[in-house]
Each structure stands twice: as structure tokens, then as C-alpha cells.
Amino acid sequence: MARGKNQNIVRWLSIGKDEAEYNEKLRKYEVDIYKNFYSCFFPQFASDPNADWLENIKKSGIYTCGTIAQVREEWKKMYEEVPAEYITLIFHYAQQPKDDVIKTIEQFMTQVWPHLESAE
Amino acid sequence: MAKPKVIIQIYPMLPAEDEKERMAKRPLGRNRELYNHVVHEWLEILQAAEKMGVWGAATIEHHLHSEGYEVGPNPGVLNAWWAGQLKTMHVGALGYVMAAQDPIRVAEETAIIDHLTKGRFFVGLARGYQSRWTNILGQFSQSVATSSDGGADDKKNRDIFEERVDMLLACWTQDSVVLDGKYYQAPYPLKTGVEGYQAWKIARDAGTHGEVDENGAIRRISIVPSPYQRPHPPVFVASSKSDDSIRYCARKGFTPTYFSSWEGILRQS
């Protein structure tokens, strides 16, 4: 079986026009649930209580966040190693408003996804 | 080469400005106006995603989060609704928490959704890591949540998960089954079968062969309907760090779904 076949990579996704914007999105949409919920269940994800929770999220390894260019490069690198048949993108709608969820999906589908090839 | 199939997984989180507001407005999970707005507006996201070529829409099974995190106790109900509202997207869940589910009910519900979607359906299965509700809803077989730590609860949770998944596969693919497990049996009680069933004659004469014995007891069961897809809908299994889960998927032909860091995925894939 080709590497990547029957594999599904899951990522929480946050895209901003610059660092300030995607940081702001992470703060508004992700810090609450990451700090109070995910970090309680998953000790393997970064959860230093003395650190900025934004940095914990970025170190967790389960978020891809950045500008479009950064997110695209990250996914392209992932796909050079594991061209997974499936990608699952997680959103905390409605903490993240509908319009921003739709915009993020559109950015991924038009500016990241076309650059990815998976196993047959 | 092909394009990856993209699935949008929504964890419905009822919104608050911040942690303080979540506390001030508690319990957000019980806010009926907010939930009603969210569950309907959610569809607009999926319809927009469908137009963009997104392959699938999924959600989770989580219960009892009164603080408003991940309000998603029944993915099947949502899948069934989306089935009628979406034209090309696949629908599914990532996934049914088998430690807290009856395997016959999962087989039935997923078969129906498979028919409603005419095969645009995938079934995700998970072991259950949130004790708040896994330990309650799994009480009938003393199921417990797992933290994938190799401990006693983890092993028991895995035993129950694998037993129920095997039962689910059997219910989907075989015309009749006997579910003879450590944690679940059917017919029940297994030793005698179901005695005293009043309509046993027509079950014997028109039901699946072998269900009814010479004394009219139900000795095998037949899950109806059978799924639309043959042999069954594709199965995805969630994993955050367990190598055993990945090996299990490989043995069964399931799709492992990596909720893990890139290093974890590289090692396990």
C-alpha cells in the first residue's frame, strides 16, 4: 500500500493575514478550550501554566497556524513525507464565527489544497 | 497521484467572549436560543464548503458539556439531517464512542444513514477519553474512559472497544449473528435465547434462517437494514498516541485518524 493511503491527518487550522491576526484568532477562538479542556486530557500537548497559552497552542503540534504562505509550506512539507489520503480540519464553530470559518476553509481549499497530492 | 479528500470537522462550541463570560453566563450548554442558532447556522458552513469541493462533513460524539464546549451528543442525528441538505459531500462522525454505545444500535443507525446518503457516508469510531460521560453511558458494561496510558482502565476500554467493533462489523455484514462477547451478548440471555417472543412463528418462517429454534426461542439476531455500501461504510478510527490503535487499524483495513503531532504521525504512519 502506498504511504499515505488510508491515512487521515487531523489538524486544527488558523490562518491570518499576518502574525498579529492569526494570534488574535487563536486567542479568541482557541485559548479557552485548549487551556481548560484539551490540556487537561492530553499531557503530550504543551501546557506549561507559566507560559502564554498562545505559545502552548503553537507548540502542541496539532495546530497549523500562520499566514497563508506559512500554512501552505507546512502542509507541503507534511505531504512530502506522508501524502495522506484524507485531511480533517477542525473548527470550533461557533466560538469561531461562521464567516471566519468559511473564509478559512476557502483559503485552504484555494491556496493550500491545490498544492497537495495524496496517494492513489 | 490524487488530491487529498478534505473533511471539515466541526466541534460545536457555544460562544463566549472569554473564559470569564463563559462563567458569567453558565451554563452555556443549556442555552436553547444559542444552540438553536448554532445548529442551523452550521449547515451554512457545510453548504459553502460543499461548493468549494470539500469531500466530507463530520462532527463528534461528546456529551454533558454544560459549559458549552463541544456540544455534540448525537452525530448520527446531524448526519441524517445533513444527508438531506447536502448533494455531494460525504457525512460522518469522528467518531462513535464505542465504550458508551450499544453495537446493535450503532449498526442500525449507521446503516440507515448509509441509505439516506446513498453511500456518501463514513463511520468514525473512537475509544472515549472523557470519563465525565463515558463512565456514565458505559455503565451497563462497566465501561471506562481511557487515557491511553497502558493502565488497567486503558486495557479494559480497548477490550470493550475491539469487542464492540467486531460486533458492529458482524452486524453489518452477516445476515444473522450471535454476539457472544465478554461485555455484551445477543440474543440475551445467550444460554436460552429470548424465550416467550409472541410472534416467533413468522420470524421463523420469514425472518433470516436459523433465528428461531424448534421451541420458538430467538437464538440468532438479524440487524436490519443492512448497509447501503458493500461490504460496509468505510471506517475511520481516532488515535492520539496509541500505537496499538494504529496496528489495529492496519489489521482491520480501517483508516487511522491521527489527532497527534507531526512526529507522532511520522512514526506511526
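**Exercise 1. Classify Leu137(B) as buried or exposed, or in between, and place Leu137(B) in its surroundings.**

Step 1. Leu137(B) has a relative accessibility of 35%, so it counts as partly exposed. The classes are buried (under 20% relative accessible area), exposed (over 50%) and partly exposed in between, with a 1.4 Å probe and protein chains only.

Step 2. Leu137(B) sits in helix 5 of chain B, residues 131-137. Helices are DSSP runs (H or I, at least four residues), numbered from the N terminus.

Step 3. Together with Leu64(B) and Ile136(B), Leu137(B) makes up a nonpolar surface patch of about 250 Å² accessible area. Patch members have over 30% relative accessible area and no salt bridge, and nonpolar side chains (Val, Leu, Ile, Met, Phe, Trp, Tyr) are joined within 5 Å. The areas come from the Shrake-Rupley method with a 1.4 Å probe, and for residues only the protein chains shown count as cover.

A note before you go on: this is a predicted model, where local features need pLDDT of at least 70, side-chain atom pairs count only at pLDDT 80 or more, and totals for chains, interfaces and linings use all residues. Residues are numbered from 1 along each chain as its sequence is written, chains are lettered from A and ligands numbered from 1 in the order in which they are written, and side-chain values use heavy atoms, leaving out hydrogens and water.

**Exercise 2. Work out which parts of chain A the pair Asp52(A) and Arg27(A) ties together.**

Step 1. Asp52(A) and Arg27(A) form a salt bridge, with 3.2 Å between the closest N and O atoms. Asp52(A) lies in the loop between helix 2 (31-41) and helix 3 (53-59), and Arg27(A) in helix 1 (residues 19-29), so the pair links parts of chain A that are 25 residues apart in sequence. A salt bridge here is a side-chain nitrogen of Lys or Arg within 4 Å of a carboxyl oxygen of Asp or Glu.

Step 2. Asp52(A) is partly exposed at 34% relative accessibility, and Arg27(A) is partly exposed at 42%.

**Exercise 3. Describe the salt bridge between Lys98(A) and Glu44(B).**

Step 1. The closest N and O atoms of Lys98(A) and Glu44(B) are 2.6 Å apart. This pair crosses between chains, from helix 5 (residues 98-111) of chain A to helix 2 (residues 32-51) of chain B.

Step 2. Lys98(A) counts as buried at 18% relative accessibility, whereas Glu44(B) is partly exposed at 38%.

Step 3. For context, the structure holds 19 salt bridges over all chains.

Terms used: Patches are made of residues with over 30% relative accessible area and no salt bridge: like charges are joined within 9 Å, nonpolar side chains (Val, Leu, Ile, Met, Phe, Trp, Tyr) within 5 Å. Helices (H or I, at least four residues) and strands (E, at least two) are DSSP runs, numbered from the N terminus.
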